[in-house]
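Reader: I am new to this structure. Please take me closely through one part of it, step by step.

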Amino acid sequence: MSPPGARPLPFGRTLQARFLLALVLIGVLPLAIVGLGVAALDRQALIDQSSQELTGLARGFAAELDVHFDDLTSICRGLAVLPGIAGMDPAAQDAVLKDLFLQYSAFARLSTFDVTGRRLTSSRAGGPPSVDQLEAFQTAVTRGQQAWEIRPALSTGRSSLVIITPIRNAQREVVGAVGCVVDMENLSAVVERVAVGSGGQTFVLDDEGRVLLHPDPRLVQQRPDYSWLGVPRGSRPAGPGTVRYTLDGEPRVAGYAPVGALGWTVVVERPEAAVLGAADRSWGLALLGLAVSMLLALIAAVSLARTLTRPVRELAGAAEAFGAGDSAAPLPKLPTGSGELATLVAAFAAMRDAVAGREAERAQLLAREQAARGRAETAERRFAFLAEASTLLASSLDYQFTLTSIARLVVPQLADWCAIDLLDEEGVPQLVEVAHADPTKVELAREVHTRLPPRPDAPNSLARVLATGKAVLVPNISPELQTANITDPEHLRLVRELGPRSLIVVPLRARDRTLGALTLASAGSGRIYGREDLALAEDLAGRCALAVDNARLYQQAQEAVRARDEFLSIASHELRTPLAGVKGFAQVLQAAQQRGQLQPDQLSRGLRRIDEASNRLNDLIQDLLDVSRIRMGQLLLRPHPLDLAALVRETTSRFSEQLDEQHHLVVDLAVNPCPLVADAHRIEQILTNLLENAAKYSPAGGEIRVRLAASEGGVVVQVQDTGIGLPPESVNAVFEPFGRAPNAARRHIPGMGLGLYICREIAQRHGGRIWADSGGEDQGTTFSLWLPRTEPTTTNADPGRIDRGSQGAASSVPTRPV
Amino acid sequence: MLLGGGCVAGAATSAPIKVGLVAPLSGPSGASGEAIQRGMLLAAAELNAAGGVLGRPLAVVARDVPNDPPAGVAALRELVEREQIVAIFGGIYGPVMLEQLDAVSELRLPLIDAWSSVPGITRNGRDPNYAFRVTASDDDADEFLARYTVEVVGARQPGVLADTTAWGDANVAGLTEWLGRLGARPADVERFAQGDHDMRQQLQRLRAAGADALIMVPDVADGAAIVRGLVTLGWQPPVVSHWGISGGAFVERAGVENAAGVLTLQTYSFYGPQAPKGQAVLDAYQKQFGTRRVEKVPAQMGVAHGYDGLHLLARALQQAGTTDGPAVRGALEWLEPYEGVVKRYAPAFTPTDHDALHAEDYLMAVWQGGRLVPAPQPWIGR
């Protein structure tokens, strides 16, 4: 825990050690003195008290024993003075003795003896015939005094008290003695009647300090010497007293008291442990308290150290660390109420925070400035890049070329490889340019790119970007992601070889249309694209799209100008021809009239030619008006139910009347009748146009076949000629305004190139189609008009939509300008 | 005198379940009551250490009542009213319990006789019968005494000496019958009044009638008087005694020498090798009551009866799940087997037999050196 740089102090010099010492001196030592002193005093008091109690018990028992013994000796004296005991004949004496024996259950045996000690009578048969050896007997007969002694009982081997009382005759001479035997059990019943408790016991010593009565009969039999108890051998203790001694290694406390008449000593003793149990407990309590105090002192010292010395050390460490530049070094955590220490720490923290705050502010400013500079530089680079790109894009209206330049600009600066796709007229992406930082991998990149799956549902794919017009950013392409949508094993291998890491696909969009897409990828550089890169790519893509769109618009404008010039040239030529006819015949007729040579047939022929030329002019003007209407969206249809077969028949019939002899018409109506809803006039216009074309473009004459047949849910009208045919590139072009086949122009076959355009528009407005088939030049041409068999559809750009309304076809076709 | 039964640590802290004891606790037969009480206290301490009974500690409340039947009934009612005891134990005085039978039936209180052998205590003809016995019954005791006298002592015409109480009457009848059954007969039957010091007349008559042994039915004081009488007469027949003399200070009154050799009926003795249960109870006794030697355990069967009786009652309480008297009474009749001190009770009681001990559970003891020690037991399939 020691903070870096803190020098460890020797324990003796730490505040912790001093706290501990102070606490011990102030708190624990007095406590120890008081506690242990009280315990010691307590112990002494308990011993004193117990000693007094034991002495009291001993005195009580001694007194009781004394009284009991007094009773016994009194009874014995009473027996000795019973009338007739002295002079009675043995038989009478025996009867009296046995009566007394039955009356006094305290005596185990009663006997009488003559002066020589010979037994005269006894309450019980057996026993020694003489007691002259008995000291007590000798005392009794020689001194004439009652005497007693302890003897082993004859039959049981247990001790008995034998009391001998002299019997005197009328002359006060000792003539015999009464012997009374008292079982020690009888006496011990007196002593043991009251339990001493607490493992203590009561016993009685004789005047020589030997055990006389004891709860343990073995001690009574062994009669061990207890004179050392303080009971002087051969003499009685002067009074009650207390003694402490050790028995079997166990310290004991005993109280004793002399039994007055007997010269015995009653001892009441207890194990010191029982006496001092409470004192020992209080002693133990004192020691425990002392231990607890020491522990508490230690805890307090440690706690003080924690709250004072450790915070100080930690604060010093924090200050050193701060000096070394670390302003986040932990400050000591202080509990509440840490007083001045908390103030110190708080002050230090405030100072450090203030300094650190200023440092942080400065660093922040610096960082902000650096960031701003970085952003400015980036922006500058981007601007330069975009400027360069813009310059490139503006350099030419040939967007193929400029896009190639852009790709080469992007690759070193923005991507490791790059691809630009543009959607063609069919909406199919066409790869415009591929560039790669490693020139050897350009082809690889191209290969990979062209193999990209065309499915717009594949996420992050080029196809999807093209379909949705939304940019895609894949910052990190994992190996799994690289090959996620690829099933072709060759493609897989190529992708792995290329190893794209990060990807941006941005759409090229202008005027809300997606023109193509720009694909940027990083590989070897390991560059990871972010939002900024995406924004830059989008910006670049926007500029590219604008350039492409502009270039395309320019091309269109150029084409429009060219078409207008062509139209003017063609229109003026076409208009001039019939007009020249009108003017020519008019001048011829006028000249003839002025000459007066105007022949009627000449007039008739001239007027007819003028009429024909006027009709021709009218047709041309009508066509121009139709084109104008189509362009203005004002081509009106008036559909009605009609029989297409009848219409074809009528038209061909009318056409055949003006057909020259070189052509002949074959009409085949496979569907007859053929009910349909359509604008009869406009359909007839198509048919007429096709028939006229057939005749016009087969100058050598030939068969014109017209066929009406059912086809694909509709009907098809085919007009087939054997004329000059169409080169393949013109098969579609002839339907464009002023679209004319080159072979027709070559042959100076007149025509503005508007008829088929108008036909196509009418067909489309009916929901139908018109197209041309030709085997090539001079192979003849077949024009086919397909019309839906069902009720007429709307004429807008959705030819598939079918109106099944009950209002009828007429009302469902819009008649207002679109 | 109220002696709280061992409310030791571990017992539940709720109000104790109290069990009463009405028996002599002082006087010549006081040791018998004290022994029963000590046995009960040991059992209660043991049960309480194991969590008590029905979640409550057990307590023993005792009343010191001499052979005074009305005092016994009064003490019983006082215990029920003041201490709410759930059962009552009885001691050495059969007449007291006979007098209590009406009260226990009325109070619906189980009565457990822990000492008295008066048959009528349990065989009282009542239904329901609230009295149970965990001690010897005279019906069996007489068989045992007669059989021992005839078959072990070898007497053919023992003299029978009984006091003039109902107890004495019953035993005279029982002994006479059993001696007859065993092919012997009493030489004579003598009776004495309780408290009589001089039994010589009766003893002399028995001696004159040719008694070859003496079967006596006395209490402590009378037993001592009989023995002293025998001593004074110098007649030393084999003496077989009912157990009344084992309930107090017999040897102090008779004299060690004079009491030696008197055979006494017992149900249990803590002398000699003990079964684990007996040893455990003896150890607990020594520990709790401060004695050091088995000789210093007086009236040993009282200890055993009190101990076993309270355990059986506790099991009945637990089995009944209540302290309700009729339920406990019923449970006592259907106890699971219990390994007690005296024997394995399997079961202790049945609805038709409220005596837990029978002749085969008895033993004969003999006074030697002032102590009652087991006598030779050559018998009854033991």
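Author: Here is a close look at one sheet of chain A and its surroundings. This is a predicted model, in which local features need pLDDT of at least 70, side-chain atom pairs count only at pLDDT 80 or more, and totals for chains, interfaces and linings use all residues. Residues are numbered from 1 along each chain as its sequence is written, chains are lettered from A and ligands numbered from 1 in the order in which they are written, and side-chain values use heavy atoms, with hydrogens and water left out.

Start with the sheet. Five strands of chain A make an open sheet, in the order β12-β11-β15-β14-β13. The pairing is antiparallel. Strands here are DSSP runs of E with at least two residues, helices are runs of H or I with at least four, and both are numbered from the N terminus. Two strands pair if DSSP finds at least two bridges between them. At the edges of the sheet sit β12 (429–436) and β13 (472–474) of chain A, each pairing on one side only. On average, neighbouring strands are turned by 15 degrees against each other, direction ignored. Axes are lines fitted to C-alpha atoms, for helices over the stretch in contact, and angles run from 0 to 180 degrees between N-to-C directions.

Now one pair. Seven antiparallel bridges join β11 (residues 417–423) of chain A to β12(A). Ile420(A) faces Glu433(A) of β12(A) there.

Next, the helices. Helix α10 (residues 442–450) of chain A lies across β11, β12 and β15 (513–522) of chain A. This helix runs at about 150 degrees to β12(A). Helix α14 (residues 531–595) of chain A lies across β11, β13, β14 (502–510) and β15 of chain A, at about 35 degrees to β14(A).

Look at one residue in β15(A): Thr514(A). Thr514(A) is buried, at 19% relative accessibility. Buried means under 20% relative accessible area, exposed over 50%, and partly exposed in between, with a 1.4 Å probe and protein chains only. Leaving out residues up to four places away in sequence, Thr514(A) touches several residues, among them Leu423(A), Leu466(A) and Pro507(A). Contact means heavy atoms within 4.5 Å. The side chains of Thr514(A) and Arg509(A) also make a polar contact of 2.7 Å. That term means N or O atoms within 3.5 Å; within protein, one must be able to donate a hydrogen and the other to accept it, and residues adjacent in sequence count only if both atoms are side-chain atoms.

Last, Cys418(A). Cys418(A) is buried at 0% relative accessibility. Its sulfur lies 8.6 Å from the closest cysteine sulfur, in Cys544(A), too far for a bond.

Note on methods: A disulfide is a pair of cysteine sulfur atoms within 2.5 Å.
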